[in-house]
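Reader: I am new to this structure and would like to ask a few questions about it. Could we go through it together?
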Amino acid sequence: MTPFIAEIIGTMLMILLGNGVVANVVLKGTKGNNSGWIVISTAWGFAVFVGVAVAGPISGAHLNPIVTLGLALIGKFAWSQVASYILAQFIGAMLGAFLVWLSHKDHFAATEDEGGKLACFCTGPAIRNYSSNLMSEIIATFVLIFVIFYIAGPELIMSSDTGAAIGLGTVGALPVAILVWAIGLSLGGTTGYAINPARDLGPRLMHAVLPIKGGSDWGYAWVPIVGPIIGSCLAATLYMLLL
């Protein structure tokens, strides 16, 4: 296990479970059909928990190019590693999306709603207004990155002489999971809260190449890329000013 592989696996698991819950809610004939937004946003929070729990000890579990960018901007991550982390995140997101399609293949075939099938891969606005959609992604991503900067490491130092520590293990993944859950419940209803270019673009690419009827809405695809980048830069700027 290397940081590169950890980012691939962690992102893959996050997308598999996150987009998997959308498929469970949206696609025809699933046992979770029409179970609603609370189910989706809750499972997305748990999906983040799973990805962070696996990748955290190895790579720090960025799982998101905007987290990688934000940490680099404030000097907490080496710029020399940014490209490899982002590449791994995109690979993981595409693999996760493919597994969602594979596990729900019959239900994709049974579903006529092309928009619903696209939602199992990437985000889309509830009301299409690009300026408003962009602002929604900026605000949600700002909250994500700014709060991540302030999440402390989950360990208790027991001895100042030996440096021995008691870690909280996978419980350390819980704060970020709760944060994503809160963002989904509070701010996610406008655009589907991509807050992660890899989470949106990687699966959107898979939707375009897999045998699924319907367009991939490339006209909107720039919003969940540009918005999170701006939000991350604003969060990093405010964090540095407050320091």
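Reader: Which helix does I5 lie in?
Author: I5 lies in helix α1, where helices are DSSP runs of H or I with at least four residues, numbered from the N terminus. This is a predicted model, in which local features need pLDDT of at least 70 and side-chain atom pairs count only at pLDDT 80 or more, while totals for chains, interfaces and linings use all residues. Residues are numbered from 1 along each chain as its sequence is written, and side-chain values use heavy atoms, without hydrogens and water.

Reader: Is I5 buried, partly exposed or exposed?
Author: I5 counts as partly exposed because its relative accessibility is 37%; buried means under 20% relative accessible area and exposed over 50%, with partly exposed in between (1.4 Å probe, protein chains only).

Reader: Changing topic, how many disulfides does the search find?
Author: The search of the whole structure finds 0 disulfides, a disulfide being a pair of cysteine sulfur atoms within 2.5 Å.

Reader: Why is there no bond for C122?
Author: The closest cysteine sulfur, in C120, is 9.6 Å from the sulfur of C122, so it is too far for a bond. C122 is buried, at 4% relative accessibility, whereas C233 is partly exposed, at 31%.

Reader: And what does F149 touch?
Author: Leaving out residues up to four places away in sequence, F149 touches G70, L71, I74, K76, A235, A236 and Y239, where contact means heavy atoms within 4.5 Å.

Note on methods
Helix = DSSP H or I, 4+ residues; strand = E, 2+ residues; numbered from the N terminus.
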